[in-house]
Each structure stands twice: as structure tokens, then as C-alpha cells.
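I open this notebook to record which side-chain contacts and helix packings I looked up. The entries follow the order in which I consulted the structure.

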Amino acid sequence: MTTGIRPDGATDRFAAARQVADAVLFEGYVLYPYRASAAKNRLRWQFGVLVPPGWTAAGAEHAHQRTECVMEPKSGARLSAELRFLHAQRRTVQRLCPDGEFETVDELELPDRVLVPWDEATEERLTLDAAVTELTGAGRTLPFTRPASEQTEPVHDADGRLIGRLVRRRARIDGRIRLTASPLDGPYAALRLTATVENTGDWTPSGTTDRTEALPHALIGAHLFLGLSAGRFLSQTDPPEWARAAVASCRNEHTWPVLAGEPGRADVVLSAPIILEDHPAIAPESPGALYDALEIDEILALRTAALTDQEKREARGTDPRAADVITLADTMPPEVLDRLHGAVRALREVTGPGPEAPGDQAPEVPGTRPGTPWWDPGGDRDVDPATDRISIDGRPVGAGSRVLLKPGRRRTDAQDLFLHGRTALVEAVLHDVDGGVHLAVTLEDDPGADIRREQGRFLYFQPDELAPLEDL
């Protein structure tokens, strides 16, 4: 559903960023193992939940989002805003009784799935378009309402007989979008844009109401697209020098705006309830929506494929999106699964096909075998992690040396602190392309040292974080 005026081209302007926005919108929609009975699925929708003001004191959620950013619109520019969020709907399961009436039950068995009560959600979208000149002063405000509703869906068995129904109920949601702009002090033709999204619903809890009861009245996964027809937005993290103070003073509450769309463009901003970098993108290796993307896709796919048949039936009956995840995991070709294991993106341009003309060939690097990329560790005869040695406190240290760990303050984390004063065995001396040296070690009292050594899983320290001990 949409409200407001959408100018020609607005949809195309946001299209490149919509895939990332979809990931934000549905993050936490259904979590592994994708069954309603799983403990993880009792706390869903972690980001961008805007609840009615009457419930904010009862929990950690908020009733509004505030986005501020700096823009440089050209003459005659228009601003397009698009708000997207999920509207929860409570689904109950009913069985058809012999007397023709329906009774509410905890589950309904079907050959391929088990239907259970569940909170689904539908996507809502609202748009607002205005000339930039209209946004100064009071700006533009768009109030909106999503009315309460109830729908039923019949359920049939394998023979086509009616055996029950699903009842979906949605609560009313009221909200408001407000856009204002004010000129910056100084000689630059720049404006500070403020976009506020609010839940204005009057629902209030009766007695002790938990978060689950508030969700049907909330805007879930709320995020905002902002687009300029002519001009540009300034990055919040890398603005031009003249705008640094103005950008630093922007006040963003419960959301964070980034430049979105194709790299190099600055006419679209995505303001999302999680921190993203400018021009975020979905990894091309991602096989599809998994909704639990705070986990690793490869692990999710493997674990989902390993669910029992009964668990998969429960997942398919939990939600159509969960059913799609089960099908995706069960039908994923091995070559697609292999791609999830990882990718080195920084090297692709270097190792990609090069020009065929002899005069355009990159020169050979001294000390390497002809035709070997410069970054290949095996291509440099002067580097051998197994035999290289470096001097620490005037003593040579290399593979087989015993050392005392003393992690430095400049890079210590909680894991390093636990290792301070422990003894370790150096496994390799590694040199990075910036000239730095790192020593791979295993703890001497680690019972799993042999396994770590076999798998090449070591701890890494810099020379000034180690003290030599007597060699074995």
C-alpha cells in the first residue's frame, strides 16, 4: 500500500539500494531453526521497532526515528521519501469440528507441514514527494493510518477436504512522517535535512504487557529512503572539509543515514536502524534471504539442510518464508554452497584477466618465478614461514622457538589478556605486504595444539609482544 505522490523515476532511483533495504526490513523475521517452537523465535524483530508512545516506558523500544543529514540540492530539485516497515499480523490455527464450527488449536497436522500459531508480517510502504523549497519552515508532514483487519484462509487435507482455517488479525497502526530543511550558516548553498518517523498510535498496555503484545501496534524494521532529483547528499563519515562541522552536528536518533545505490552516486540516502557503511551491498555469493543474517550464511545453510524431516515440516508450517529457506537449503547445488565458504574481493582486480598485448604486461617482480602473481606466498623465494627467523631482544626466533606471551596495550583485547604470561611455541614467521612481521604460535599447554597445527589455526602476535625463551 502507498500513500502520497510518487514522481516518475522515484522507483528506479531507489531500486539499486532496495536489496540492502530488504535485508534490513526482514532481519530477524524468522530465526534458525525456523520453527515457531524454537527459543530464538520468541524474541524476533530486533531492529527498527517503533512502538506506540504509551508503551515506550515499559520496554527498551522507541516511538520515533530521527534522521539528519546535509544535502546540496540544485535549483528546482525535489525530494522523495519512502518509508518501509513491517506490520505484524497474529495468525491463529483453527480445526473444523464435526458440528461445522471452528475451534482454536495449538497445531494442525498436514502431510507436508505442521501449522501452528505465529506472528506473520506484511510490508507497508508510504511515499512523500515535495519540492526542496517547500521543506523550509514548517516543512511537509504526512500522517498515515493502517486500519485493523481480519482475514481467514481455508486449510485442506491431501484429498482436498476442508479440515480447518487460518485466522489472521492485524491491529491498527497510526504514524507520521515529517520532512524539514534549514540552510547552513556560511557561503555554501547547503541544507540540513531532518526526517522524522513517529508511531502516533494511542494503544496503551493493560496491566503487565510484554513486548509481544506491543508488536502488532508497532512499525517493525522501519527505515527510510531519501532521494534528490538534482543535487547530492553528503556522507556522514567522509564529508568534504568545509562541511565537517555541519555533518558532525547532525542529530540521528535510532537510525543512521548512509549514501546508497551505485558507488559514486550521492543522490540517494538509506536511513536504517543499524549502522551501515556508504553504498552497502549484498554479497554476490548470498544464495537468498535467510532472515537470520547475523549468523554466517554457510553455517545456516548447512545446519538447515541437516534438520530432521519432522523439524522441516514444522518450519514449513511456521511461515511461507521459512518454508522457502528449507527448500533453498535442500536444493542448493554444491557449487553454490562452495561459494559461501568465503571470497577474497581485494585481489580480484589484480588477478583478473589482463591485456594480451606484450607491451601491456605487468613487469616481473624480482625474486619471484615468472608468471606468478606478486601476492602469492609461494612465488617469493626469499620468504619461507617455516625457516625464516627474526631477532627479538638480540636472539633469533623462528619456527620451533619457545616464547613468553606479553600482548601489548596498543592492540590488546579480552582474549589477549587471558594469554598474558603464557608460554607458546612459534609455528611460523609471516611477512605481510606492508612490511610487517607476525608470528604464528600455539600454546604449550593447549591439549588441542596438534589439531590446531594440523588445521593451520594459530594465534598471531607481533615481535614486541613476545619474549624469547630457551629453545626446546
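**Entry 1. Helix packing.** Before classifying any helix pair, I note that angles of 65 to 115 degrees count as roughly perpendicular. The model I am reading is predicted. I looked up helix 4 and helix 6 and found that they pack at an angle of about 90°, with their axes 8 Å apart. The two helices are therefore roughly perpendicular to each other. On the helix 4 side I listed Ala-301, Thr-304 and Ala-305 as making the contact, and on the helix 6 side Val-325, Ile-326, Ala-329 and Asp-330.

I then turned to helix 5 (residues 309-318) and helix 6 (residues 320-331), for which I noted an angle of about 140° and axes 6 Å apart. That angle makes helix 5 oblique to helix 6. The class follows because only angles over 145 degrees count as roughly antiparallel. In this contact, Lys-312, Ala-315 and Arg-316 of helix 5 meet Ala-322, Ala-323, Ile-326 and Asp-330 of helix 6. I marked Ile-326 and Asp-330 in my list, since they also belong to the contact of helix 6 with helix 4.

**Entry 2. The chain as a whole.** I recorded 10 helices and 22 strands for the protein. The protein has 472 residues, of which 43% count as buried. I also looked up sequence separation: among contacts with a separation of 6 or more, 68% are between residues 24 or more positions apart.

**Entry 3. Salt bridges.** How many salt bridges does a search of the whole structure find? I obtained 37. As background, I note that side chains of opposite charge can pair when their charged atoms come close.

I examined Arg-90 and Asp-119, whose side chains meet in a salt bridge with an N to O distance of 2.6 Å. Arg-90 lies in strand 2 (residues 78-96) and Asp-119 in strand 6 (residues 118-131), so this pair ties together parts that are 29 residues apart in sequence. I classed Arg-90 as partly exposed, at 24% relative accessibility. Asp-119 is buried, with a relative accessible area of 12%.

Next I took Arg-146 and Glu-124, which meet through their side chains in a salt bridge of 2.8 Å, N to O. The pair links distant parts of the chain, with Arg-146 in strand 7 (residues 140-146) and Glu-124 in strand 6, 22 residues apart. Are these two partners buried or exposed? I found Arg-146 buried, with a relative accessible area of 3%, and Glu-124 buried as well, at 2%.

I then looked up Arg-161, which forms a salt bridge with Asp-157, the closest N and O atoms being 2.9 Å apart. Arg-161 is exposed, with a relative accessible area of 51%, whereas Asp-157 counts as buried at 18%. I also traced one network in which salt bridges that share partners join Arg-18, Asp-22, Glu-82, Arg-84, Glu-123 and Arg-125.

**Entry 4. Aromatic pairs.** My search of the whole structure for aromatic pairs gave eight. One of them is Phe-26 with Tyr-291, an edge-to-face pair at 6.1 Å centre to centre, with 70° between the planes. Phe-26 lies in helix 1 (residues 10-26) and Tyr-291 in the loop between strand 15 (268-272) and helix 4 (297-305), so the pair ties together parts that are 265 residues apart in sequence. I noted Phe-26 as buried, with a relative accessible area of 9%, and Tyr-291 as buried at 10% relative accessibility.

A further edge-to-face pair is formed by Tyr-32 and Tyr-34, with 6.1 Å between centres and 90° between the planes. Tyr-32 counts as buried at 17% relative accessibility, and Tyr-34 counts as buried at 0%. Which residues form one aromatic cluster? I wrote down Phe-26, Tyr-29, Trp-45 and Tyr-291.

**Entry 5. Charges over rings.** I found Arg-44 over the face of Trp-45, at 4.1 Å from the ring centre. Trp-45 is also a member of the aromatic cluster in the preceding entry. In another case, the charged end of Arg-165 sits over the ring of Phe-102, 4.2 Å from its centre.

How values were computed
Residues numbered from 1 in each chain as written. Predicted model: local features only at pLDDT ≥ 70, side-chain atom pairs only at ≥ 80, totals over all residues. Heavy atoms only, no water. Salt bridge = Lys/Arg side-chain N within 4 Å of Asp/Glu carboxyl O. Helix = DSSP H or I, 4+ residues; strand = E, 2+ residues; numbered from the N terminus. Buried < 20%, exposed > 50% of the residue type's maximum accessible area, 1.4 Å probe, protein only. Phe/Tyr/Trp six-rings, centres within 6.5 Å; stacked < 30°, edge-to-face > 60°. Lys NZ or Arg CZ within 6 Å of the ring centre and 35° of its normal. Axes fitted to C-alpha atoms, helices over the stretch in contact; angles between N-to-C directions. Parallel < 35°, antiparallel > 145°, perpendicular 65-115°, else oblique. Contact = heavy atoms within 4.5 Å.
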